[in-house]
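The questions below work through selected elements of a two-dimensional and three-dimensional description, each followed by a reasoned reply. Please keep the structure in view while reading.

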Amino acid sequence: MNSKTTRLFAGIAVIVVAIVLLVVLKKDDSGSETSSNASGKVPTVVIKNGKPVGGIRDLTYNKGERIHFVVDSDVSDEVHMHGYDIMKDVGAGGSVSFDFPATIEGVFEAELENRKEQIIELTVNP
Amino acid sequence: MNLVLPLAHALVARKDLPIPAWLFAWGASIVLIVSFFALSAAWRKPRFEEERWRPLGAGVSAVLMSMGAQALCGAIGVFLLGFSIYAGIDGTEAPDRNFALTFIFVTAWLGFPLFSVILGDVFRPFNPWRAIGRVVGGAFSAVAGQRPAHLDYPEKLGRWPAAIGLLAVVWLEVVYGASGGVAVGLSPDSAGLAALIYSLYTLAMMAVFGVEKWCETGEIFSVYFGMFSQLGLFGVEEGRLGRRLPLSAATHWATLPGSAAVVIASIASTSFDGAQEGAFKSGILQTFEWLAETGLSLTASLRLTDTIFMALCFAGVGLVYMIGVRGMATVRGAPPLKKLRTGFAHTLIPIAFAYLVAHYFSLFVFQEQAQFTYLLSDPLGTATTDLFGTASSGIDFKLLSANAIWYVQVGALVIGHVIGLTLAHDRATAYWGDYRQAARSQYWMLAVMVAFTCFGLYLLSVANA
């Protein structure tokens, strides 16, 4: 390969690396989401008319932490935490508390099982 | 307007975490370094154009290719197809408790590409429609005393029916269920019915054009799985099993028209499935809301939105490939555009396979635990059957750590990239007599491969984020 093409490709490589860095740095800027539940308050998901108020709630934990949240519901249903496979009934106007260790990594849904309505997106980072 | 996507979780109770930024950066850097190395350490004469096929021991072929073995495999295939249709239509509507969905869209749809690469064209003996077609054809010959007559297959169509069919399968799997971004959104009932309709269509086409002809060109699963089998070490020639130079068979695969469309459809549909729950998520939501506000029903809006994005994926992947081909055509001594277009299609097969591994590896590992435990013991999901005593087993999601999944994903993309480059460079040395021009033409394919691999990495980095 001659030096001209080498230089051409070095140029392309620099550009691509620059783009990669840009993407990476941009991601770091918005990377403040990991400490969403570090404040010590127990997150409460409020269900109104069978739907989560404010949309599907994102909860993020690291592996090994304790996952603790409360569901306040105005409808009677079963709250199913998928992946961890924990199911708890909640009555209309009642509330139910979840408290379990984050042992499985990944992204999981909790839903109102009978309504097939997702209420929580649970992320467990390694 | 307060619109909520009609969500329904289907098969998967767990989704992959996005790959972390540092791994994304490392992956992309390795891809670049590897690509440079490929340019400087290139060979000058084609190495993969000849298969150098050698038969395995006669005993192995005699057993594995015997009429009895073929009949047994065919019978297993027909049984599993029939059972899937039955389970889908008659079993529970809970997608994760019904044998049919996992068997069709995970075990078969993802398992056959994997085992085809490792073992060769394993789908062929198990192909239920081929088995039925051969039995019916044989019976016809015995009764009528002559071979069944067939129409000539329009050669121009080539593998286009399979390419379109491939998109249709993924459309059915991901879009039709209109479940808003879950892996398999289809209801078991629809899956069973679709399998039944596809069986009737396939058998009709086989009757019209002949069993083997249709398997070679139009039968989606034969063409799709057969494509991946071209990468591997094992192949059948003249009724005998043999070993060949890995990757070499792929160099002769894309000779039929529409072959490039099959590979592009594969990459595009996997991209779409990955992007809909990450990169395209907000775009899909916006389009969906816009369509829903025009008065379309929610389901129709979501289906239409997903269809548009899937079509865009196909167009986008095709466009990148065509830019590469057009670029190569500008290099002195280039063969005609048409020859280039088909001549480099096979170099995307490793990329297509890498995309499959990257996007479905964890789904396959987790869902196969279900397949071989509770879905086997209680295939209809009745909650009262327990054939093998494993009906109450669950999926162990701790089997794979997030890190293990990330490394497999990135590793698959990088390896696919290297193999794609290898095949492209090899083909260039065959097409351009002059080594320097061959190397020059490959700047274009290198750009194509880097684009696909970095796009794949990007999709992983924003998956489910």
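Q: How many bridges join strand β1 (residues 44-48) of chain A to β2(A)?
A: In this predicted model, helices (H or I, at least four residues) and strands (E, at least two) are DSSP runs numbered from the N terminus, and two strands pair if DSSP finds at least two bridges between them. The strands β1(A) and β2(A) run antiparallel, and the number of bridges that join them is 2.

Q: Which residue of β2(A) is the bridge partner of A:I47?
A: Residues are numbered from 1 along each chain as its sequence is written, while chains are lettered from A and ligands numbered from 1 in the order in which they are written. Local features need pLDDT of at least 70 and side-chain atom pairs count only at pLDDT 80 or more, whereas totals for chains, interfaces and linings use all residues. On that numbering, the partner of A:I47 in β2(A) is A:P52.

Q: Which strands stand at the edges of the open sheet β2-β1-β4-β7 of chain A?
A: This sheet has 4 strands and its pairing is mixed. Each edge strand has a single partner strand, so one side of each is left without a neighbour in the sheet; these strands are β2 (51-52) and β7 (95-101) of chain A.

Q: Over how many bridges do strand β4 (residues 66-73) of chain A and β7(A) pair?
A: One position of this pairing is given by A:V70, which stands opposite A:S97 in β7(A). The two strands pair in the antiparallel sense, and the number of bridges is 7.

Q: How many of the 7 residues of β7(A) are buried?
A: A residue is buried if 20 or more other C-beta atoms, placed from the backbone, lie within 10 Å of its own, exposed if 12 or fewer, and partly exposed in between. In chain A as a whole, buried residues make up 25% of the 126 residues. The strand β7(A) lies largely in the open, because the number of its residues that are buried is 0.

Q: Which residue in β4(B) does B:R54 stand opposite?
A: In chain B, an open sheet of 3 strands has the order β2-β4-β3 with antiparallel pairing, and its edge strands, β2 (54-55) and β3 (234-237), each pair on one side only. The strand β2(B) is joined by 2 bridges to β4 (residues 240-243) of chain B. Within β4(B), the residue opposite B:R54 is B:R243.

Q: At roughly what angle do the axes of helix α10 (residues 220-229) of chain B and α11(B) cross?
A: Axes are lines fitted to C-alpha atoms, for helices over the stretch in contact, and angles run from 0 to 180 degrees between N-to-C directions. These two axes come within 11 Å and cross at roughly 90°. That makes α10(B) roughly perpendicular to α11(B) (under 35 degrees counts as roughly parallel, over 145 as roughly antiparallel, 65 to 115 as roughly perpendicular and the rest as oblique), the crossing angle being roughly 90°.

Q: How many residues of α11(B) are buried?
A: Helix α11 (residues 259-275) of chain B has 17 residues and reaches 24 Å from its first C-alpha to its last. This helix is mostly covered, and the number of its residues that are buried is 17 of 17.

Q: Is B:D396 buried or exposed?
A: B:D396 is found in the loop between α16 (374-377) and α17 (402-431) of chain B. With 12 other C-beta atoms within 10 Å, B:D396 is exposed.

Methods:
Expected span 1.5 Å × (residues − 1).
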